[in-house]
Structure formats: C-alpha cells, structure tokens
Amino acid sequence: MSDPVLSVQNLTTHFFTRAGVVKAVDGVSFDLARGEIMGLVGESGSGKTVTGFSLLGLVDAPGRIVDGSVKLNGTDLLTLPASDLRARRGREISMIFQDPIATLNPMLTIGQQMLLAVEAHERLSKRAATARAAELLTQVGIPSAEMRLRAYPHEFSGGMRQRVAIAIALLHRPAVIVADEPTTALDVSIQAQILLQMRDLAAETGTAMIWISHDLAVVSSLASKLAVMYAGRIVEQGPTADLLRDPRHPYTAGLIASLPAMTTPGLPLTQIPGTTPSLLSLPVGCPFAPRCDRSSEECQRDPEMTDQGDRGWRCFHPVTRPAEVPA
Amino acid sequence: MSVFLKIDDVSRLFGPKLSTGEKIAAKLGAKVETRSVRAVSDVSLSIRKGETLGLVGESGCGKSTLGRLIAGILPPTSGSVSIDAAAVMENGRKVTTRVQTVFQDPFASLDPRMKVGETVAEGPIAHGLTTKSGAKTYVAEWFERVGLDPVWVDRYPHQFSGGQRQRIAIARALAMKPDVLICDEPVASLDVSIQAQIINLFLELTQGLDLTCVFISHDLSVVQHVSDRVAVMYLGRIVELGPVAEVFGQPAHPYTAALFGSVPKLVLDADELVRFDSIEGEVPSPLSPPSGCYYHPRCPLASDKCRTAQPATTEISDLRAVACHHFETQLSGQ
C-alpha cells in the first residue's frame, strides 16, 4: 500500500472537568489511504465525534489532546502552531457536521459564505471564486447553482443545506474530509441521494473520508473499512464486509445481532445487556467486560489491539467464526 | 373482521392564526398568508383488537399528526376517531383514558422537577385507578413490569439514562391501563444496543397486555419487526396499507417501492456494488401540493391521468389497499 494520507497514532483526548478526567478518546490509531472511506462507528459517548474534532484541532477547553500524533501527508498536525493549523484546516482537511441548520450562517447568502471559504485560503478574483462555488454546487446536485448562490440558508431544505455544507467542505479539494453523521438528520430518500454522491465524489477526486455514524447499515454501504469505537477506544477494525460478516469483538457481534433485520419479525431481538459505562469511572481492564458474556478473570487487564494483517481487535476472548452453514 | 380502533375520514388543517390587524390588511388587499396545510387528509383506518399498525413516511408526511389525532391530543378538523365504538373526543375535548401515548424524546416528555414515581402515579390517581395511599405499590408494580428497579421511584429524570427514561415513559402510559397505545418514534433517540432492549419490552408488553398499537417510525426495519400491518403516508395521505410481509415483499405503490429501495442495508459482500434506488427530487411543500396524485412529480410511472386526477383508494385484498392509478403496473413489474 502506498503511504497513507492520514496516519493517526495513539490519539488521546481527555476532558479535565470538575468531576474528574473524562477519557473521551483513549489511544486511537488508524491509517487512511488516498480516496479511501473509513466508517467510524459507535454509540453516543463512545468518542467518535471527539476523535473527529481532535483530528482538526477543534477540541476546546476543558478538553485537551494529551498524547498522540495526526500525520497528514507526513506533517504532524498536533505539533503545528495554531496559525499553520488554521491555514491547513479547510484546505487540506475539512469537516462536515451533523446539523446543517447550525453550521451555515443564517445572515449571509450561500454565495457570500462560500466566497469567504475560498478567500480564506486562496487569492482569487471574485468572478473566479463565484464560478468555483457554482461549479461545486452543481457537483453536489444543486440545480440552477448560480441563482441559488444568492439565496439564504432558510430558503433551502435540510437535504439541500447539507449539500451546501458538503460543497463548502470540497471547495479546496482537501486530502481528507471528516464527516460527522452528515445524513442522520435527513430523510432516507435524501440520505440515499447524498450517500451515492459522496461515494462518487471520493472516487473522482481522490479525497479520503472518515464517515462517523451510529448506523452500521449506512457505513456498510459506503466505507471500505470500519473502526468500531467503545468507551473512547477502537475495539475492532478491518475491511467492512469482513468485519460485518465475521465480527471478532463481542461488542461488534452484539451490535450486529441486535439489528431488527437479523431476527424474524415479531420475535425478541438479541440484546446487549446493560448500558455504556460512564467515561468518568471506567471499569478496570476491558471496558466492555461488565456487559460481556465471554468475560473472564483475564478481562481485568486491558487487552491490546491484536494485529492480524488488515484486521485487529481488542479482546482476550474473540468470537470465532461460526461453522459454515451450507446454504 | 371486528374493528376495535376506527379512524373515520379524519383530516386536520393547520392554518395561520391571523391577528385582527392582519385580517383588516387582508381585506384591504395586502398579501397575508392565509393558506393552510392539510397535515392529514381524509384518512380512514380500521384496526383490530391486539393489532399493531406501523405508520411510516418521511418527515412532514403527517404521521405524527395522525398519531396525535388518534390519541386525542389534537382535535381533527373533520372526521372522528373511536375505540370500541366510543368516540375519543367530544366537542374538541378528549373524553377517554383508553388511549395513551409514548413520545419520541424521553428527555422532553418527563417533567424534570417531578420524581419519576409521582409522574407515573399522577394520571392513575386523578382517574381513580389507584388511591394516594395505594399509589406507591401501584407504581412499583408498573416499574417492575417495564424492567426498572422499584426503589428508583423517588429519583428525578436526570438521574436516568435515555433507555431508562423511555421505560419510565412506557410505565406512565401503561399505568393508565389503556387499550390503545400510540408510540411516536419511541426508539428513534436511543442507541442501537438500547433500541433492541426497548423493542423487546414493547413486544413483550403489547402481547402480554393485549394492547392495540399504532407504532410511528421512520425506521422501516423497526416497523417491519414490530407491526402486523403497515400504512405508508405521503403528504398527509395514506398511499398504501397492508400486512407487513406483503407490503415489504411486494409494494403496490411506486412511492413505497422507492422508499424501501433507498434504505441502506447491511452489506456483507465486498464485491457487491451497493446501489440505492434513490427517489429523485424532494417532498413538495404541503402549502402548495401538486395537482392530481401528490407523488406524480417524483414518480417513474406518472402519466397524464396522474397529473390531473387524485387516485382513489383501491382495495386489492381484504387487508390491503393502495391509492395509485398504476398499482397493477407496479405489482406486475416486480
């Protein structure tokens, strides 16, 4: 494999609150190749959003990145001075947020906002910048783009606003886009349109993507590899189809088994007992152990990530592949 | 088929509330918005005792409004809802406790300043299902029934997780001993692993208590799992109705087919190129719905007839109905 565009090693982000230290991201590592889409899956509070924010240096006090490196094309973003990081943010790495109503400025037209984003990184004539903005709007599927540039965010539907946010993220053809649940707030028919477009855009432009989501089905249709987060760490990673067909970590297996599609309608679903632990008081050893039916004495220690080629899991008692059932 | 819950030609309009000034201005010819939205339009449904009806559709299709009309939270503009031949509302007021609702957001639906035990006991005491002195045991029974520890009755909502709060909301609804339960997106705000727990609780309770349910959700896989029949809504109308297996297996309305086609499925085959049959365009504004069939601007089967004439609801079989001029083409094209 060629050198990764993005290489994250041991990323650790803690929040120093009055109640104690919240280990929101605890030693996350992964690589991302050019044009690759990685799905980052987990439940609320698993640290997937904070991981995304940490990559762009967007963590605010009381949070702090306490350890690790984020190498974008070989440069460690975490050691850069703030001004250098700002010069790269939006140009080399950009982010799409969940809520398109909150991310666009209601007082500016779409065109004004897009021009601001262009001018932040490039000196272009107004005409050239407008042409670029219109081109990108067309690319993300917004009809009569030139006219729409003069419209305000409230004149767009939710799906259209998210397309605008995607167009802004794509303005400088960044090497990496971090997308934080960008279709969660949208209807399924609009979500399908956007997923299709994002997949084509990644293939066309060579932009690598980190797609953060709680929805396994969404990422499985988009990402070529997956990382599953639980309590601030990646507990399993690997190529999407492999990982979903043959999950090794009991948490991943439990998540997949609990999907309604996995059970005959009307029958009880397979459920994971208990709830996610508080990040303030994590159990000793493996954080999933208290909910896990495979746990033993050994799970009082913290399992390391195993290295099995392109797959890995953090578990002493991984689920083994069930015997092949002839179809 | 004996009908238990009957929804008879129900419509609900939401119009702007005009101030006196605006009314005068409108009379004088100023531009004042006077159009109203038909959130629910001529909906008729017959639901049997013990049946769970799934109600699906995209945001703005009127599924929550219909839920509120059935629950007696909103009065219908026309039409009526009755349970066991007794009206749910009379003169714009709810006159029965036989229908209760579980709402989407358990963070908003519980009073943060009331102990959860008091929240659950409030309705039953007011309606004489229990006494003030007996409330404690009564509430404890329901807490156990929904899988909560009865010692938690003196806690406040903020001390519970989302899944636990939804259990409290379910206990509050069931403590009223309803015959009909309206669930408005009860698992939408919960995490995947918690979703399964609540769905299982729902299945267990509806079967154990012989409840008749209307289960509203945008998540088709959840609806498929819990419902006996499903109704698909588009812009305030029911476009298709039928047993879950039949509707999901062989949709008769082009919208149903397209909606199901756009749901991402868990892909387990690396070589399989995922394709979505995404629907073109967006849902039109309900303020100015298209002429004829509301779905025709997005429909691959649309003809001239669809642009002018609203399709009537046709019964395909005993339990199945569809509102489309071309449902035969849709059914035979699969």
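In this predicted model, helix H3(B) passes helix H5(B) in a right-handed crossing. The residues through which the two helices touch are Val116(B), Thr119(B), Val120(B) and Gly123(B) on the side of H3(B), and Ile168(B), Ala171(B) and Arg172(B) on the side of H5(B). Chain B also contains an open sheet of four strands, in the order E2-E1-E4-E5 and with antiparallel pairing.

**The helix pair H3 and H5**

- The axes of H3(B), which spans residues 116–126, and H5(B), which spans residues 162–174, come within 8 Å and cross at roughly 25°.
- Because angles under 35 degrees count as roughly parallel, H3(B) and H5(B) are therefore roughly parallel to each other.
- By character, the residues of the contact of H3(B) with H5(B) divide into four nonpolar, two polar and one charged.

**The sheet and its pairing**

- In the strand order E2-E1-E4-E5 of chain B, the edges are taken by E2 (37–47) and E5 (86–87), each of which has a single partner strand, so one side of each is left without a neighbour in the sheet.
- Strand E1 of chain B, residues 5–14, runs antiparallel to strand E4 of chain B, residues 78–83, and five bridges join these two strands.
- Ile7(B) stands opposite Val81(B), a residue of E4(B).

**The helix packed on the sheet**

- Helix H2 of chain B, made up of residues 63–71, packs on the sheet and touches the strands E1, E2 and E4 of chain B.
- The direction of H2 of chain B makes about 60° with that of E2(B).

Notes:
Residues numbered from 1 in each chain as written. Chains lettered and ligands numbered in written order. Predicted model: local features only at pLDDT ≥ 70, side-chain atom pairs only at ≥ 80, totals over all residues. Pairing = 2+ DSSP bridges. Contact = placed C-beta atoms within 7 Å. Axes fitted to C-alpha atoms, helices over the stretch in contact; angles between N-to-C directions. Parallel < 35°, antiparallel > 145°, perpendicular 65-115°, else oblique. Left-handed = near helix turned anticlockwise from the far one by under 90°. Nonpolar A, V, L, I, M, F, W, Y, C, P; charged D, E, K, R; others polar.
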